[in-house]
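Reader: Hello! Could you pick one part of this model and take me through it closely, with the cut-offs explained as you go?

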Amino acid sequence: MTVTARPADTRRSVGSVTRVDGPLVEIRGLDGVSMSELLHLGPHDLLAEVVSLTGSSVSAQAYEYTGGLRPGDPVVRLDHPLSARLGPGLLGGVFDGLLRPLDDAGTWLEPGQQEAGGDPSRMWEWTPDVVRGSRVTDGDVLGHVIEGSLEHRVMVPVGVSGSVTDVRAAGSVNGADKVARVDGVPVGLGHWWPVRRPRPAAERREAAVPLQTGQRVVDVLFPLARGSSAAVPGGFGTGKTMLLQQIAKWCDADVIVYVGCGERGNEMADVLDDLRSIVDPRTGGRLMDRTVIVANTSNMPMMAREASIYAAVTVAEYYRDMGYDAVVIADSTSRWAEALREFASRTGALPAEEGYPASLASALAAFYERAGRVRTLGGADGSVTIIGAVSPQGGDLTEPVTAHTERFVRTLWTLDRDLAYARHYPAVSWVGSFSRDADVLAAWHAGRGDSGWARQRARVVSLLGSADRLAELAELMGVGALPGHERMVLLGGRLVREGLLQQSALSAVDAWCGPERSAALLTATLDVLDACQAAVARGIPAASVEEVDFTPVLRAREEAAGEGDESRHAIARARDLVLAEVEALG
Amino acid sequence: MTTGLAWPRVERLGAAELRGPLLVMSGVSGVGWDEFARIRTPEGPDRHGLVLAVDRDLAVVEVLEGTEGLRPEDTRVSFDGAPLRIPVGESWLGRTCNGRGEPVDGGPPVMGDRLVPVAGLPINPVRRQPPAEPVLTGISAIDALTTLVRGQKLPVFSVAGLPHLELATQVAAQASVGGEPFSVVFAGMGLTHPDADAVRDALEERSAGDELVLLVNTADDPVIERILTPRIALTVAEHLAFELGRHVLVVMADMTSYCEAVREVSAARGEIPGRRAYPGYLYSDLASLYERCGRIRGMPGSVTLVPVLTMPGGDITHPVPDLTGYITEGQIVLSNEVDARGVYPPIDPLGSLSRLMRRGAGAGRTRDDHLDVAAQLLAALAHAQQVRSLADLVGERALGATDRLYLRFEEAFYRDLVDQRKDEARDLGDTLDRGWTALSVLPRRELSMLDTAQIAAHYSPAEGSS
Ligand SMILES: Nc1ncnc2c1ncn2[C@@H]1O[C@H](COP(=O)(O)OP(=O)(O)OP(=O)(O)O)[C@@H](O)[C@H]1O
Ligand SMILES: [Mg+2]
C-alpha cells in the first residue's frame, strides 16, 4: 500500500457518543468504520482510535482528556489510522505521544489543540541523487537534504517503482514541495506512515556488530548488538533512567529516539537541557541533533502512552530505511503496559495475570520484534535497536510485564536494589542479567583480531560468581578460614566491582568510557589479580597481599581522563605501581 | 461550596441506584464525563459529586460526602455543565478550610479572580525549567543530606507512630527561599482532630502572616472528599506560583488516606482490583497530583511538593509508597531504629535520597563544600554501620582503632547534626559546620572525598583523633 499523503479529512460520516468512561468512548451511527481508524470526538475534536466493533456499536480509545464529553456529542471519521509524519525536521525535535510537536505548543497542554505534522515552511537544501529516466524501486534513494549532521535521504515510497519521470534540481525546498516524480507519483520530503504497521525491509540480517554504549558493565559483561533488544528492569531509584540517559547520550548509533513514556516532566527537561548543550564528539554538532524526543509524561493523557511507543519505533525504522543505525530508548515500558491494562479493564475484557489483558505477552513480543538489523528495500544496511526500562511493582521481578519482557529481549540488564542502596552504580546485577548477543559479538571481536575479548569476559563473569559464593562462606566462617587463593578471588571480585564495573553518570571523566579505555581498565585489573594470585602461590600470606594499597587501580577510572593513548598509559602506570608493590612483598 | 456557581444545566429528582459512595441517575441527558454535580436532599446540607461515567441517559456520580442517609426518591441532583472549578487568587492566603475548600475559620467564602478546573492541565515538558535552587527547611538532616529543591517532589515515607506529621509541619513552618515571596499550602487528609489542631497551632504564625492556605479533611470527615483535597490545594498553589510568581510549598499528609479513598471508589465501581485491592490506575492517579510541581521557563514561581505517607506495616513495597517512589524525585525515610536512639527527626540518612540535590546544592546554590560534605558524611555513616554490625558479632574491643572512631563518628553524627528540637530552625551554615564537627571525629586520612582546601578551612579534629 502506498502512503504518500494523509487522506483528506472528508468528514463524511457523523456518529454520536453514547457512553463515556474516562478514555473509553462508545459511539453509534458510524457505519462502515474500520478498526484502528481515527475519530474526532465532540466539539473540541478530541482524537480517538477505534478499538472494537460490535454490531452497530463502536468503542474508541480517546488520546486526550474527555472531561465534558457527553452522550449525543458528534463523532467524525478521519478515514485513516494513527499515522506519523515522517520527513526531515524530526531530529532535534520534541513531540508528544502522537508525534505532535511540543516545541510549538503552549505552556499548558489543553486537549484537542495540537496539530500533527512538521512545519511545512521550513526550508531544506535538496540535492538529487538520481537523474531523470533512472529506474528505481521502493526504498531507493532519490536525493537528500541535510538534517542536523545527518544526510536525510528521500526514498521512493513503499509500493512505488518505475522510472523517475521528474526530479527537482538542487536547491532550497520546503516541506510541502515535491522533489521528484516516480512513475507519475509525486514524491515530497515527507510522508505519512501508520505507526502500528512495521515498515518493510528487504531481509533481516544477523545482529552481529556491537553497539558501544560507553557503559563498561554493558560493553564488557552484557553487550548489545546493533539491531538487538534489551530491557532494564529495576525498582524505583535503582538507576534505570540514569543508565538509559547515559546510553542515549553516548552510544555510537546514528539516531536516537528517546521516549519518556509515563515518567517525570523534570527528567525530560533535564535530558533536553543536557542533549542541547553537550557536543557530539563524533560530529561536532549537539547531541540533540541526532535525537528525537517523544515526551509523554505521567500526567499527560494515559492512552497516548500506548501510541507513543509505536510512533517512536516508526521513526526509528524510517531512519533505518535510510541506512542508519537507530536506537529506541523507552522509559518506561511498564507505563505503556499499564495503559493497556487500564483500557482493557474499562472495556470489560477478561483479565489475565494481575489484571493485564491476555494480549500483553503478544503485544510485548510484537514491540520488541520491530528491533532488527536489516537489508533495507534500497539495499543499505540499517538497524533498529530497542532498549526498554521495566518498572516492576514492588520491585517484584516475577510480575507479568517483567516476566514476559525477559522472554522477548536478547539482553537483560537487571538493576539490583542492594547494589543501588550501596551506591554501586550502574546497579546492574551480574547474577540477574544476561546477553544472548555475547557469542556473536565475541566472533565479531575475534574477527577484528581481538580473541582475548571473549576470554576476558568469561573470566570476569566467573570471577564475580566465585567471589559472591566465597563471600557467603566467609561470612559464615570468617575470611581467615579460606585458603589464600580463594581470598585472592574475593579480592579480585572487589577490584572488578570497584575499579571496573562502577561508573558514575555524574563523573566528568568517567560518565562515558570508550572501548580502548575500557579494555585498558579490564586488563589492568586482571593483571593485578594475576600478580596477587602468583604472590600467594609463592607463599606470601594472603593478609599481606590484601594490605597492598590498590587505590591507584581503583581510582584509575576516575583519573585517567580521555580516550587517547595518554589515558591508556596512565592506567598502565597505575597498574605498574600496584604490581611493583605486590612484587615487593617478596 | 466555594466553586462560584455556574448555572446548573441539568437537574433531576430521584436516584436510580445508591451503592457505596456512588449514586446513579437515570433520565438525564447532556451530562458530560467528569462533570461536577450538587446533590440536594430535603434535610441536611447540599452534597457534591463528580461524574464517573455517562451512558446514554445514565450518569454515575461519586458523592464526596458519601451516600449515607440518602433516599433515592427525594434525592435531587443538578449537574454543573463543567468539571469542578474553584476560584483562585491571593484571597486563599491566610484561610483555613475543610477538605472541600469551604472555610472553617468563620470567614466568608473564598472569592477569586476567576474559576479554574481542579483537574489542572499538564505542563508542556518542553516549557519546564529543571529545578536548581534549594528550599531551606532549617532541619539539618534534610538541608544537609537530602536538600529539597524548588520544583521538586520529595515525599516523607514513615511508619505509624513516628513523628512524620510533626516533621512535615515543621518543614511547612520553617521553609524559606532566601527572601523571595513564599507560601505554603497544607492539605491534610484523614487527620485526627488532635493532629489537625497541632498542625493549626504550629502554623499559626505562617497563617497570620498570610503565607498559609490550610485545607484539612479530618478522620471523621467524609472519606471520598479526600479525592478533592489535594486537587484543590494544587490548583490554588499553581496559580500562586505560575501567575503570581510565588514559590509555593505544598505539603500533603497523609497520602495513604488519600489512596484509601481512591480504593473505596474503585471497589464500589466493581473495578478489577490490582495489588492490595488498589486500582490499576493508582500510578497515573498519583502522578496526576505529584507531577503538578515544577518550574516553568521564564516564570518566577515554583511549586514544590512534600507528600507524607505512612507505609502500612512499614512495608516499602506496599503500593502507596512503591508507586509514590516511582513518581517522586527521591524520598525521605523515617525509621524506627533512629527513633529508638531518641533522635528527632528520626530520618534514616542512607535510605533517603534527594535526586535533584546535585543541581540544587553546592557552589552558587548553598555552600561550596556542601555536596562533598554530604557525600563524605553518608560514606562514613555507611562504613560506621558495617562496623557496628561487626561489633555486634565480635564485640567492640575486637575492633581496630580506626573502626572504633567510626562508632564515635556515628554517635556524633546523630547527636550533633541530625538531632534537633521540633521548633528549632538551623541556618545552613550552622548545619554544615555541625557536619564538620561530626567528621572531625575521624582521622584526616579517612576523609577521602574532601579536598585539601576544604579540610584546611573546616576540619578541626578533637585531640588525639588525628
Ligand atoms: N549511573 C549512575 N551514576 C550515578 N548516580 C546514579 C546512577 N544511577 C543512579 N544514580 C542515582 O540514583 C538516583 C535514581 O536513579 P534513576 O532516576 O535513574 O532511577 P530509576 O530506576 O529511573 O527510578 P524510577 O523508577 O523511580 O524512575 C539518581 O538520581 C542518582 O542519584
Ligand atoms: Mg526513572
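A helix pair and its chain setting

Author: Happily! In this predicted model, α6(A) and α7(A) are oblique to each other, a word for angles outside the roughly parallel (under 35 degrees), antiparallel (over 145) and perpendicular (65 to 115) ranges. Helix α6 of chain A covers residues 360-369 and helix α7 of chain A residues 400-408; they pack at about 40°, with axes 9 Å apart. Helices are DSSP runs of H or I, at least four residues, numbered from the N terminus; axes are lines fitted to C-alpha atoms over the stretch in contact, and angles run from 0 to 180 degrees between N-to-C directions.

From α6(A), the residues in contact (heavy atoms within 4.5 Å) are L360(A), A361(A), L364(A), A365(A) and Y368(A); from α7(A), they are P400(A), V401(A), H404(A), T405(A), R407(A) and F408(A). By class, that makes eight nonpolar, two polar and one charged (Asp, Glu, Lys and Arg count as charged; Ala, Val, Leu, Ile, Met, Phe, Trp, Tyr, Cys and Pro as nonpolar; the others, Gly among them, as polar).

As for the setting, 68 residues of chain B are in contact with 68 residues of chain A. Five salt bridges (Lys or Arg side-chain nitrogen within 4 Å of an Asp or Glu carboxyl oxygen) are counted between the two chains, including R359(B) with D270(A) at 2.3 Å, N to O.

Residues are numbered from 1 along each chain as its sequence is written, while chains are lettered from A and ligands numbered from 1 in written order. Local features need pLDDT of at least 70 and side-chain atom pairs 80 or more, while totals for chains, interfaces and linings use all residues; side-chain values use heavy atoms, without hydrogens and water.

Conventions:
Helices (H or I, at least four residues) and strands (E, at least two) are DSSP runs, numbered from the N terminus.
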